[in-house]
Amino acid sequence: MHNVSNLSVREAALNIVVRVGEGGGYSNLLLNQTLKKERFKANDSALLTELVYGTLQRRDTLAYFLAPFVKKKVKPWVKWLLYLSVYQMVYLKKVPDHAVIFESVELGKKKGHKGISSLINGVLRNVQRNGVPSLDQIEDPVERLATETSHPVWLVKRMVNWYGLETTKAMCLRNLERKNVTVRVQALKTSREEVIETLINDGFDVAPSPLSPQGIIMEQGNILQHSLFQNHLTVQDESSMLVGEMMGLAPGMEVLDACSAPGGKTTHMAEIMENEGTIYAYDLHAKKAKLVEQKAKALGLTIVEAKQGDSRNLRQFHENKTFDRILLDAPCSGLGVLSGKPEIKYEKSEADIINLARIQYELLEAVAPLLKDDGKLVYSTCTVDKEENEYNVKRFLEQHEQFEVDPDFHQELPEICRNLPGLSEWGLQLFPQDLNTDGFFLTRLRKKE
């Protein structure tokens, strides 16, 4: 495919990082929109993705590298153009410095004026001549790790206090890398074996997921352009698939999905239930509940009843002890998905986490009475923050003595999870470096017999 865009790759990258970096958008959404609209050829699409994620992921490191060379305040787009340029000069060895400097100066001329392009030229030539400052100059190990991996100091401190420096370092470094895409096969329409065979024949490099019998890891190839993608496959992280696998579902059950959007876990559960029974899928926002409904329809699943509703108030619609299974995939800080959404780490604060933990706990307390006596409740989040995970579960069990962590939970985990460092009496904390999944927490509760 030839480029049909009037934009250069670097100009497109600059537009995205400025919007995301200045608080005006989400990296994954803006990147996907740009790739769709501009129709860059494959190599340029890959470079655009690299430039956008690399620059956003390493924002604070790049600011540290540039600090000795930029003495006065510059406009936001100039700052981001310098970040984008230094990212290429430091981290992309195949791109020659002179090409980076030339393109950046030209972009400076196009978007600004001669004075700005001269400033960009001067800064980048200085960086080329002198090299960037060493991170070893930062004496405090927590601050050094925060700068080296571009995470806020408060967040690194918080993680080091819980998990130690080595685990935190591994997690922060892993957050700088992009993961393989994984997909889930609609098992009522086809089998994983058939899909794998088709994809391999079509030139894809794939592997079966060890966390779900419906999961496939895409090691190479753009699955979004394959004909199977529309109605047979769903993009879903393996850690999210593990939630469906650990629900202990069977056809005919009454299931509550308390926070269901965008619907990946809802539809997975419907597939496991062989599209028999009922899943009440609630979301706080009507638009998002609609998305869940559309996703279920696209996959041919008819047992999902998607509704708008605050799951803290569901007892006005459902009697106590109604559901065989409840999934509370609680709204969370998202600190486990930083490799795909780097802007999250710059936007969240400790106050946000405390507020979210409170909402999560309220949700847990509100939905628990809806569980049948022999039912099971899975609590999950895509974060690695203990306040949102273990501490909430521990507090709930202390205040609701009739509940316990399901004794079968640990035995039913896939074998590959049974010796992970994040396994505790409260559940499983998956770190992003463990199995190359998102950072994720899940546990399963039940009433004591």
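Which residues is isoleucine 120 in contact with, leaving aside its neighbours within four places in sequence? The first legend gives the answer, and the views that follow are all taken from a predicted model.

**View 1. Isoleucine 120 in the largest nonpolar core.** Leaving aside its neighbours within four places in sequence, isoleucine 120 is in contact with Val78, Leu81, Leu82, Ser104, Val105 and Gly108. Isoleucine 120 is also one of the residues with the most contacts inside the largest nonpolar core, together with Leu14, Leu48 and Val52. This core has 44 residues. Two or more residues each are given to this core by helix H1 (9-21), helix H2 (27-38), H3, H4, helix H5 (76-91), helix H6 (97-111) and helix H7 (114-130). H5 provides the largest share, 10 residues. A second core of 31 residues is separate, and Val243, Met246, Met247 and Ala281 are among its members.

**View 2. Helix H8 and the helices packed against its buried residues.** Helix H8 covers residues 141-149, and its buried residues are Val142, Leu145, Ala146, Thr147 and Thr149. These buried residues pack against helix H3 (42-57), helix H4 (59-66), helix H9 (153-175) and helix H15 (343-347). At the start of H8, aspartate 140 places a side-chain oxygen within 3.1 Å of the backbone nitrogen of valine 142. Just after H8, the phi of serine 150 is positive, at about 55 degrees.

**View 3. The surroundings of leucine 335.** Leucine 335 is found in the loop between strand E8 (323-329) and H15. With a relative accessible area of 4%, under the 20% limit, leucine 335 is therefore buried. Not counting neighbours within four places in sequence, the contacts of leucine 335 are Leu155, Met159, Ile344, Ile353, Cys382, Thr383, Val384 and Asp385. Threonine 381 is 46 residues from leucine 335 in sequence, and the two C-alpha atoms are 9.6 Å apart in space. Asp385, one of the contacts of leucine 335, also belongs to a network of salt bridges that links it with Arg158, Glu350 and Glu387.

**View 4. A buried aspartate in a loop, aspartate 237.** Aspartate 237 sits in the loop between strand E4 (233-235) and helix H12 (238-245). Its relative accessible area is 11%, so aspartate 237 counts as buried. The side chain of aspartate 237 reaches the backbone nitrogen of aspartate 438 at 3.0 Å. Apart from residues up to four places away in sequence, aspartate 237 touches Lys179, Thr182, Thr437 and Asp438.

**View 5. A nonpolar surface patch that includes leucine 224.** Val181, Leu224 and Val235 make a nonpolar patch of about 240 Å² on the surface. Leucine 224 is in the loop between strand E3 (215-220) and helix H11 (229-232). Leucine 224 counts as partly exposed because its relative accessibility is 47%.

**View 6. The salt bridge between lysine 109 and glutamate 106.** A search of the whole structure finds 27 salt bridges. In the one shown here, the closest N and O atoms of lysine 109 and glutamate 106 are 3.2 Å apart. The two residues are three residues apart in helix H6, so about one helical turn separates them. Residues three or four places apart in an α-helix point the same way, because there are 3.6 residues a turn. Lysine 109 is partly exposed at 43% relative accessibility, and glutamate 106 is partly exposed at 32%.

**View 7. The salt bridge between aspartate 310 and arginine 312.** The closest N and O atoms of aspartate 310 and arginine 312 are 3.2 Å apart. Aspartate 310 is partly exposed, with 22% relative accessibility. Arginine 312 is partly exposed as well, with a relative accessible area of 32%.

**View 8. The salt bridge between arginine 444 and aspartate 406.** The side chains of these two residues meet at 2.9 Å, N to O. The pair links distant parts of the chain, 38 residues apart. Arginine 444 is in strand E13 (residues 440-447), while aspartate 406 is in the loop between strand E10 (403-405) and helix H18 (409-412). Arginine 444 is buried, with a relative accessible area of 0%. Aspartate 406 counts as buried at 1% relative accessibility.

Note on methods:
Residues are numbered from 1 along each chain as its sequence is written. This is a predicted model: local features need pLDDT of at least 70, side-chain atom pairs count only at pLDDT 80 or more; totals for chains, interfaces and linings use all residues. Side-chain values use heavy atoms; hydrogens and water are left out. Buried means under 20% relative accessible area, exposed over 50%, partly exposed in between (1.4 Å probe, protein chains only). Helices (H or I, at least four residues) and strands (E, at least two) are DSSP runs, numbered from the N terminus. Contact means heavy atoms within 4.5 Å. A polar contact is a pair of N or O atoms within 3.5 Å; within protein, one must be able to donate a hydrogen and the other to accept it, and residues adjacent in sequence count only if both atoms are side-chain atoms. Patches are made of residues with over 30% relative accessible area and no salt bridge: like charges are joined within 9 Å, nonpolar side chains (Val, Leu, Ile, Met, Phe, Trp, Tyr) within 5 Å. Accessible areas come from the Shrake-Rupley method with a 1.4 Å probe; for residues, only the protein chains shown count as cover. A salt bridge is a side-chain nitrogen of Lys or Arg within 4 Å of a carboxyl oxygen of Asp or Glu. A nonpolar core is a set of buried Ala, Val, Leu, Ile, Met, Phe, Trp, Tyr and Cys residues joined through side-chain atoms within 4.5 Å.
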